[in-house]
There are 2 protein chains.
Amino acid sequence: MATGRTHRPATRSRGIPEATVARLPLYLRALTALSERSVPTVSSEELATAAGVNSAKLRKDFSYLGSYGTRGVGYDVEYLVYQISRELGLTQDWPVVIVGIGNLGAALANYGGFASRGFRVAALIDADPAMAGKPVAGIPVQHTDELEKIITDNGVSIGVIATPAGAAQQVCDRLVAAGITSILNFAPTVLSVPDGVDVRKVDLSIELQILAFHEQRKAGEEVGAPEEAAGAVPPPPVPHRAPPGAPGADSGRQGPDGDVPAVMPA
Amino acid sequence: MATGRTHRPATRSRGIPEATVARLPLYLRALTALSERSVPTVSSEELATAAGVNSAKLRKDFSYLGSYGTRGVGYDVEYLVYQISRELGLTQDWPVVIVGIGNLGAALANYGGFASRGFRVAALIDADPAMAGKPVAGIPVQHTDELEKIITDNGVSIGVIATPAGAAQQVCDRLVAAGITSILNFAPTVLSVPDGVDVRKVDLSIELQILAFHEQRKAGEEVGAPEEAAGAVPPPPVPHRAPPGAPGADSGRQGPDGDVPAVMPA
DNA sequence: CAATGTGAACCAGTTCACAGCA
DNA sequence: TGCTGTGAACTGGTTCACATTG
């Protein structure tokens with residue numbers, strides 16, 4: 001889902017499955033909510049429901065962390081919050097820099113979910129000189145020229161890229177050169193990074209495309225004959241070298257659509 | 001990674017693995033870029049590199065769609081773009097509504113990647129009366145009261161939720177009641193929806209937490225002794241009912257952190 | 001001969017179902 | 001008795017390696 005090819009070799013850190021790690025934040029969120037409501041304990045069943053997974057999976061996930069539950073009772077909310085936070089490394093402070101302060105970058109800077117966990121926005125960086133000094137979410141934007149210095153001075157190891165696609169790789173290279181080892185990429189590009197650097201990406205349009213795929217299926221199933229005109233798509237020897245630009249439905253959606261969808265005009 | 005529990009039963013649509021579907025947008029993006037550079041054909045090797053996957057996986061993925069390549073040569077770029085677009089349902093027009101026009105909603109409205117694929121922002125909806133009428137990305141924001149009408153009138157089937165967590169479920173319910181069957185959720189909450197409705201979620205802070213986990217590992221490995229003070233975490237019988245609020249490192253990151261991280265003040 | 005398409009081996013992740021314990 | 005913790009079965013996904021074909 002992420003990490004270009006940096007998927008960390010078979011280092012076998014301490015064997016917590018990647019899939020489990022990806023769910024820990026989910027559990028943590030649900031637990032935090034319970035904690036606020038002063039709920040003392042939860043059963044795997046309840047917590048699973050709150051987190052949107054099934055209980056067997058949740059119990060298996062927790063079993064990788066240790067035995068933090070009490071048979072016949074459930075889990076102590078506060079204790080679990082602490083254990084998961086620690087496991088995720090949220091008991092320490094993580095300074096992050098956000099590069100590219102357009103709408104998205106600003107949204108990220110304002111995002112409460114960062115500060116609430118162990119994250120702290122150490123700096124906002126943008127290439128536009130006009131942005132320099134302007135405060136966003138209470139933090140003054142700094143110019144790209146300062147990038148290296150900011151990272152070094154603040155001991156930042158996590159960077160967020162929210163620039164247009166065209167600038168992403170370049171920004172990425174500079175971040176890495178400056179010492180960043182984890183990158184969250186919002187630009188619609190595949191970033192190449194040296195081994196040892198983790199990259200996770202969030203692509204807004206990809207998620208929509210996946211939804212469209214399923215949506216299309218639903219529409220097809222409802223009626224009887226799915227698919228458009230053309231004969232079934234799977235194995236049937238399609239009329240090779242077919243009309244590449246053949247219209248599928250209404251609105252012509254082809255033509256050069258510039259794959260540099262500028263997440264926002266930085 | 002998404003779809004609360006709506007994971008579409010064993011309908012076995014036409015057997016394209018979910019993992020493959022999730023990668024098609026990636027291939028499409030890479031192909032679009034090649035297409036713009038007027039590259040006529042690509043080998044699985046080249047395309048795989050451009051998309052950030054390995055070639056065996058790519059070929060296997062394509063094999064689910066049909067045999068669109070030419071042995072000894074590779075794939076015809078234009079043809080593949082068309083086939084994948086069609087498969088994803090992007091040859092048709094998908095009107096979408098974005099609910100919650102804060103920084104994030106605005107970023108999404110401005111996002112070029114939507115329009116370039118088959119998506120069209122049919123409307124922007126926000127609960128703040130003050131926003132009504134104000135244009136964002138050239139589209140006037142409409143009040144939540146109009147939600148149902150907008151969806152019905154435009155035949156919208158995909159909705160994007162970019163509201164604060166607290167409003168998400170309620171908005172979701174209204175969207176579903178109005179006929180929406182696919183939802184892209186940016187609010188940090190688990191949405192519950194009836195069967196037949198697909199939900200995909202994008203959680204900004206979850207991605208960061210996953211990065212933090214790996215980052216922590218790296219730091220630990222560099223030195224010799226990972227983990228903090230406490231005895232190893234896995235099997236060792238931890239001192240049960242331990243200090244729930246025990247500090248892990250520096251900055252106390254506990255306390256009520258309000259898990260309503262308001263993606264943006266809608 | 002180069003590169004696709006794919007069976008088969010392999011591996012990760014999920015689910016089942018129940019033993020074990022508070 | 002009730003719920004956790006986990007071996008074992010199963011499912012889905014990835015990788016290998018090679019036969020096939022333009």
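This is a short talk on how two protein chains sit against two DNA strands in a predicted model.

Okay, let's start with DNA strand C. There are 24 residues around it, and the closest are Arg23(A), Asn54(A), Ser44(B), Arg71(B) and Tyr75(B). So you can see that both chains, A and B, show up in that list. Of the strand C atoms that come within 4 Å of the protein, 65% belong to sugar and phosphate.

Now some atom pairs. On the chain A side, a side-chain N or O atom of Arg23(A) is 2.8 Å from a phosphate oxygen of strand C. Over on chain B, Tyr75(B) puts a polar side-chain atom 2.8 Å from a phosphate oxygen. Lys60(B) goes for a base instead: a polar atom of its side chain is 3.4 Å from a base nitrogen of strand C. Which elements give two or more residues to this surface? From chain A you get helix H1 (18–36) and helix H3 (55–65), and from chain B you get H3, strand S2 (69–70) and strand S3 (74–76). By class, the surface near strand C has five nonpolar, ten polar and nine charged residues.

On to DNA strand D. Here, 24 residues surround the strand, and Ser44(A), Tyr75(A), Arg23(B), Asn54(B) and Arg71(B) come nearest. Sugar and phosphate make up 65% of the strand D atoms within 4 Å of the protein. For Tyr75(A), a side-chain N or O atom is 2.8 Å from a phosphate oxygen of strand D. Tyr68(A) uses its backbone, with an N or O atom 3.5 Å from a phosphate oxygen. And if you like base contacts, look at Arg71(B): a side-chain N or O atom lies 2.7 Å from a base oxygen of strand D. The elements giving two or more residues here are H3, S2 (69–70) and S3 (74–76) of chain A, plus H1 and H3 of chain B.

Let's zoom in on those two chain B helices. H1(B), residues 18–36, and H3(B), residues 55–65, pack at about 105°, with axes 10 Å apart. That makes the pair roughly perpendicular. Thr20(B), Arg23(B), Leu24(B) and Tyr27(B) from H1(B) meet a set in H3(B) that includes Leu58(B), Phe62(B) and Leu65(B). The contact has six nonpolar, one polar and three charged residues.

Last stop, helix H5 of chain A, residues 103–110. Is it mostly covered or mostly open? Mostly covered, with six of its eight residues buried. Those are Leu104(A), Gly105(A), Ala106(A), Ala107(A), Leu108(A) and Ala109(A).

Methods. Residues numbered from 1 in each chain as written. Chains lettered and ligands numbered in written order. Predicted model: local features only at pLDDT ≥ 70, side-chain atom pairs only at ≥ 80, totals over all residues. Heavy atoms only, no water. Axes fitted to C-alpha atoms, helices over the stretch in contact; angles between N-to-C directions. Helix = DSSP H or I, 4+ residues; strand = E, 2+ residues; numbered from the N terminus. Parallel < 35°, antiparallel > 145°, perpendicular 65-115°, else oblique. Contact = heavy atoms within 4.5 Å. Nonpolar A, V, L, I, M, F, W, Y, C, P; charged D, E, K, R; others polar. Near = heavy atom within 4 Å. Polar contact = N/O pair within 3.5 Å; in protein donor to acceptor, adjacent residues only side chain to side chain. Buried < 20%, exposed > 50% of the residue type's maximum accessible area, 1.4 Å probe, protein only.
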